[in-house]
Amino acid sequence: MERIVNRRKSGRLGLVSALAFSLGVSACDLQEERAERANTILDAALQQIAGEQPSGTPGRLLERLTVQERAVSGIRKAAAGETDVYGVQPSRFAIGSIIAKPRAIVAMEEAVLSEEIRAAVQSVEPETTAEVQEVQKSSEARSTSPQEPSQRKLNTPPPRPASPVLQNRAAMRASRKLARAPEIRDIQRNAETKMIDTMNKLGLDGSVRAASGGNMVIDIFADATQFDGQIAGRPLMSRTIHKGCPEDFTPEMARDDKVLATECLVEALQDSGDYEYCEKDFIFEHQFARRPQDDGSSLGLEPNDPLWDLQWNFRNNGEGEGRSSGGTGFVDFWSRHEVRGSRDVIVAVVDTGLALSHPDIASSPNIAPGWDMVSDPAMGNDGDGRDSDPNDPGDLCDPNTPFAADSYHGSHVAGTIGAAATNNGAGVAAGSWNVTIVPVRALGKCGGRLSDINDSIRWAGGVIPAEGPNGEEIWNDNPADIINLSIGLFESCPASLQDAIDTVVERGAVVVAAAGNARLSTEFYSPGGCANVITVAAGDARGYLTPYSNFGMDVDVMAPGGDLARDDDGDGRPDGILSTKPAKNCTDPVTGDSVDNCYYAFEQGTSMAAPHVSAALALISAKYPEMTGAELESTLLSILDPRTTEQCAAECAQYPGSTPIPDQQGMCTRPCGGGWLNLENLPD
């Protein structure tokens with residue numbers, strides 16, 4: 001189905017104002033309903049504690065475990081009768097940090113790639129020359145203006161080459177040649193001189209450093225005590241204000257307002273025409289759907305992990321024993337196709353890293369060496385910048401914020417895909433039992449910089465090296481077939497991010513992105529609104545679009561994201577997604593007793609939906625290892641269950657930008673993609 005996407009930014013202020021109003025209305029209207037649901041969950045939980053286990057709850061298998069092995073977090077989160085509060089937060093950026101790419105480098109990249117393709121032409125038999133020429137045409141057709149609004153999404157991609165292996169090899173050779181090319185350094189040195197001249201004209205002090213992918217990062221010096229009431233050790237950042245540079249801007253203004261100085265420097269560099277793109281270094285966040293009150297039998301093959309009974313999301317779709325209306329057919333795939341995955345399939349998780357000491361992760365054979373790409377030591381929270389250790393030390397930003405805690409977000413996401421050791425008689429199951437997970441740490445304390453995320457995507461895809469402790473090049477020995485981005489930013493897709501995504505997609509990788517949790521159109525969000533990604537919205541255990549999920553024409557797939565305010569299977573637990581995550585304030589699912597610490601947690605968010613799609617792609621790739629990235633995408637999109645208007649409907653007042661439903665006063669439909677993920681639809 002062809003889809004044309006308009007990504008104009010006009011009307012954003014009106015949208016945000018309407019959104020703020022509607023969120024208040026939504027909170028009041030839903031309070032009574034949420035309280036009623038919470039009481040139902042509480043009653044069921046009390047029945048369980050009294051020994052009256054509802055149908056579908058885990059039985060004696062859990063009772064054999066120690067409390068530490070079976071305790072989970074999240075059961076009590078929806079049992080306090082609270083009102084859900086979702087919505088957007090203005091995007092943030094690192095004050096004084098700017099990303100730019102000289103146009104001369106883009107031209108050189110195209111020339112080197114064309115040269116490598118011509119070399120490939122000479123190495124193949126004559127009958128394949130036509131295919132190679134198609135590769136060359138596809139390369140030359142790549143846009144040289146990634147800042148222009150994209151007019152296509154993943155399911156209307158540019159022509160893919162007939163020989164992807166040949167294209168991949170040429171692209172890899174070109175990337176390595178460019179990484180060492182002295183001409184690149186010459187271009188960057190020339191650009192650095194011009195950048196410093198521009199800063200001087202604005203009365204700014206700063207430095208310029210070369211980054212990967214031909215990018216350059218400008219750092220304006222600033223006093224970290226001047227802005228936003230920053231606490232010691234907290235990264236210096238600001239909310240995006242989009243106020244532009246005044247015509248009467250003076251150096252005195254720059255000294256007094258570094259946020260304004262950042263805006264003015266971006267504008268001055270853009271106006272020079274020397275750069276393919278120039279933008280602020282935005283801060284991305286994970287896509288757990290949070291609320292302020294959050295402190296608180298199948299015929300198919302099933303794994304023997306004792307917490308499996310709590311994982312409705314992997315079950316076969318439908319009603320009846322061992323099924324769930326929000327199931328995704330993983331059980332059917334494992335048994336009918338006799339495929340549980342393959343370690344030849346590589347999934348990179350660009351996130352907060354992994355809790356490598358987690359018992360279900362430490363024992364997993366599926367973890368490959370990763371990299372910590374967080375460059376700012378203050379954000380790294382581990383005492384240094386980039387290094388070879390992707391362990392997650394925690395990402396708590398401001399300990400004074402109520403209910404704030406380390407998220408261990410990457411561990412939860414990766415556990416759903418395949419980081420959790422499956423069928424090992426412990427913990428939870430993952431979607432792909434056998435897979436290679438490459439953890440790439442890009443988010444740290446208070447989020448992750450756009451510049452680090454761009455580098456993480458490229459390193460994950462095997463197109464740039466990281467730098468070792470002695471300055472040596474460290475290439476990813478396991479270039480990703482699939483890259484999972486469960487991250488979000490309230491901005492239309494930044495040009496440098498689109499450039500990074502396009503680069504790895506050209507190499508053959510598939511990029512899966514969370515749609516975002518702001519309950520608005522993904523065109524205002526990234527990377528869910530970027531081109532060349534599979535955008536995933538979140539559904540609940542009924543297969544309905546969740547209240548927090550973004551929606552819109554950019555969405556490709558809906559998958560389980562969970563809803564902690566519902567208990568549609570009546571098992572006494574909120575319908576969140578259970579996965580690997582160190583947590584506090586936990587509960588024993590057998591006795592209902594409180595437990596201080598545990599290793600598993602129910603969470604909700606489009607962050608939880610995206611890894612289901614990544615896991616499904618990994619399984620399809622394991623069954624059909626000869627498939628290209630484009631064929632994997634096409635296959636996945638062909639097996640979706642269509643959604644009804646009701647499954648994507650909601651009150652119009654709650655969702656600005658949604659479409660009124662004829663003859664249903666006050667009700668709107670929220671475009672929620674091509675359908676629901678269901679592996680049962682994959683033919684034998």
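# Exercises on a predicted model

Strand β14 (residues 482-485) is joined to strand β16 (residues 510-514) by four bridges, and the two run parallel. The model is predicted, and the exercises below work through its sheets, helices and selected residues.

## Exercise 1. The seven-strand sheet

Task: Place β14 and β16 in their sheet, and identify the edge strands.

Solution.
1. Start from the pair β14 and β16, which are parallel over four bridges. Within this pair, N484 has V512 of β16 as its bridge partner.
2. Extend to the whole sheet: seven strands form an open sheet in the order β9-β10-β8-β14-β16-β17-β18, and the pairing is parallel.
3. Read off the ends. β9 (371-372) and β18 (557-560) are the edge strands; each has a single partner strand, so one side of each lacks a neighbour in the sheet.

## Exercise 2. Helices across the sheet

Task: Determine which strands α13 and α16 lie across, and at what angle each runs to a strand.

Solution.
1. Helix α13 (residues 409-419) lies across β8 (341-351), β10 (434-441) and β14, and its angle to β8 is about 165°.
2. Helix α16 (residues 606-623) lies across β8, β10, β14, β16, β17 (534-539) and β18, with an angle of about 125° to β17.
3. Consider the burial of α13. Of its 11 residues, 11 are buried, so the rest of the structure largely encloses this helix. Among the buried residues are H409, H412, V413, T416 and I417.

## Exercise 3. A helix pair

Task: Describe the packing of α14 against α15 by angle, axis distance and contact residues.

Solution.
1. Two packed helices are described by the angle between their axes and the distance between those axes.
2. For helix α14 (residues 450-460) and helix α15 (residues 495-507), the angle is about 5° and the axes are 9 Å apart.
3. An angle under 35 degrees counts as roughly parallel, so α14 is roughly parallel to α15.
4. On the α14 side the contact is formed by L450, I453, N454, I457 and R458; on the α15 side by S496, L497, D499, A500, I501, T503 and V504.
5. Sorted by class, this contact of α14 with α15 contains seven nonpolar, three polar and two charged residues.

## Exercise 4. The three-strand sheet

Task: Give the strand order of the sheet that contains β21, β22 and β23, and name its edges.

Solution.
1. The order is β21-β23-β22, in an open sheet with antiparallel pairing.
2. The edges are β21 (649-651) and β22 (659-660); each has a single partner strand, so one side of each is without a neighbour in the sheet.
3. Now take one pairing. β21 and strand β23 (residues 667-669) are antiparallel over three bridges, and A650 is opposite C668 in β23.

## Exercise 5. Strand β1 and its partners

Task: State how β1 pairs with β5 and with β3, and whether β1 is mostly covered or uncovered.

Solution.
1. Strand β1 (residues 92-102) and strand β5 (residues 275-286) run antiparallel and are joined by seven bridges. In this pairing A100 is opposite C278 in β5.
2. β1 also pairs with strand β3 (residues 216-220), in the antiparallel sense over four bridges. Here I98 is opposite I218 in β3.
3. The strand is mostly covered, as 11 of the 11 residues of β1 are buried.

## Exercise 6. The surroundings of R209

Task: Find the element that holds R209, its exposure and its contacts.

Solution.
1. R209 belongs to strand β2 (residues 206-210).
2. Its relative accessible area is 33%. Buried means under 20% and exposed over 50%, so R209 is partly exposed.
3. Leaving aside residues up to four places away in sequence, R209 touches M216, V217, D219 and S375.
4. The C-alpha atoms of R209 and E192 are 7.9 Å apart, and the two residues are separated by 17 residues along the chain.

## Exercise 7. Backbone details in loops

Task: Locate the cis peptide bond at P527 and the positive phi values of N381 and N423.

Solution.
1. The bond from S526 to P527 is cis, with omega near 5°. P527 is in the loop between β16 and β17.
2. N381 is not a glycine, yet its phi is positive, near 65°. This residue is in the loop between α12 (377-380) and α13, and N381 is partly exposed at 34% relative accessibility.
3. N423, also not a glycine, has a positive phi of about 65°. N423 is in the loop between α13 and β10, and is partly exposed with a relative accessible area of 36%.

Conventions: Residues are numbered from 1 along each chain as its sequence is written. This is a predicted model: local features need pLDDT of at least 70, side-chain atom pairs count only at pLDDT 80 or more; totals for chains, interfaces and linings use all residues. Side-chain values use heavy atoms; hydrogens and water are left out. Axes are lines fitted to C-alpha atoms, for helices over the stretch in contact, and angles run from 0 to 180 degrees between N-to-C directions. Angles under 35 degrees count as roughly parallel, over 145 as roughly antiparallel, 65 to 115 as roughly perpendicular and the rest as oblique. Contact means heavy atoms within 4.5 Å. Ala, Val, Leu, Ile, Met, Phe, Trp, Tyr, Cys and Pro count as nonpolar, Asp, Glu, Lys and Arg as charged, and the others, Gly among them, as polar. Two strands pair if DSSP finds at least two bridges between them. Buried means under 20% relative accessible area, exposed over 50%, partly exposed in between (1.4 Å probe, protein chains only).
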